[in-house]
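Hi everyone, thanks for making time this morning. I'd like to walk you through one small corner of a structure, so let me put it up on the screen.

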Amino acid sequence: MVKLTSLDRTSTVVDVATGVTGPAGIAIDKYGGSLYLAAGTSIMRMDHDGSNAETLSLSASIAGPQGIALDVDNQMLYVCDSSGGKIVRLSTSGGTVTDFVTGLNEPVEIDIFAGEAYWMRSEERRVGKEC
């Protein structure tokens, strides 16, 4: 389930998306208004209010999606595949899934900043960086 409230907590907490299986990561396109979820073995896209939800069609499966980050400038998603021990990259419209970083031990979270990707691995308690 995905919930929403204002940062000052003056608005009521509302459900944005219900019935989502195993939500594990969220990224929001603040310019385009789309919300992306890593859920189960899928990546979902919906409007920020939960409408128009769809599962992206992918060229390869993602065994255990966890953290997800959005590169708005290049319209790419980066997803930690914790079960697969890698980070994958795909277009915000779905399609081809390519390996970005492999040989990782349980990557769980990722973020993008200034053209660089930062991620965390749960087991090793380390933060990595790809420039």
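Ser91 sits opposite Gly94, a residue of β10. Please keep in mind that we are looking at a predicted model. The two strands here, β9 and β10, make a hairpin, with 2 residues between them. Their pairing is antiparallel and runs over 4 bridges.

Now let's turn to the other partner of β9. Strand β8, residues 76-81, pairs with β9 in the antiparallel sense as well, over 6 bridges.

Let's zoom out for a moment. In what order do the strands of the open sheet come? The order is β7-β8-β9-β10, so to speak from one side to the other, 4 strands with antiparallel pairing. At the edges are β7, covering 65-71, and β10, covering 94-101, each of which pairs on one side only. On average, neighbouring strands in this sheet are turned by 25° against each other, if you ignore direction.

Back to β9, which spans residues 86-91, and to one of its residues, Lys86. Which residue is the bridge partner of Lys86? That is Asp81.

And the side chain? The side chain of Lys86 makes a polar contact with the side chain of Asp99, at 3.2 Å. Lys86 and Asp99 are 13 residues apart along the chain, and their C-alpha atoms are separated by 7.1 Å.

Finally, the surroundings. Setting aside neighbours within four places in sequence, Lys86 is in contact with Val79, Cys80, Asp81, Asp99, Val101, Thr102, Leu104 and Pro107. Thanks for listening, and I'm happy to rotate the view for anyone who'd like another look.

How values were computed: Residues are numbered from 1 along each chain as its sequence is written. This is a predicted model: local features need pLDDT of at least 70, side-chain atom pairs count only at pLDDT 80 or more; totals for chains, interfaces and linings use all residues. Side-chain values use heavy atoms; hydrogens and water are left out. Contact means heavy atoms within 4.5 Å. A polar contact is a pair of N or O atoms within 3.5 Å; within protein, one must be able to donate a hydrogen and the other to accept it, and residues adjacent in sequence count only if both atoms are side-chain atoms. Two strands pair if DSSP finds at least two bridges between them. Axes are lines fitted to C-alpha atoms, for helices over the stretch in contact, and angles run from 0 to 180 degrees between N-to-C directions.
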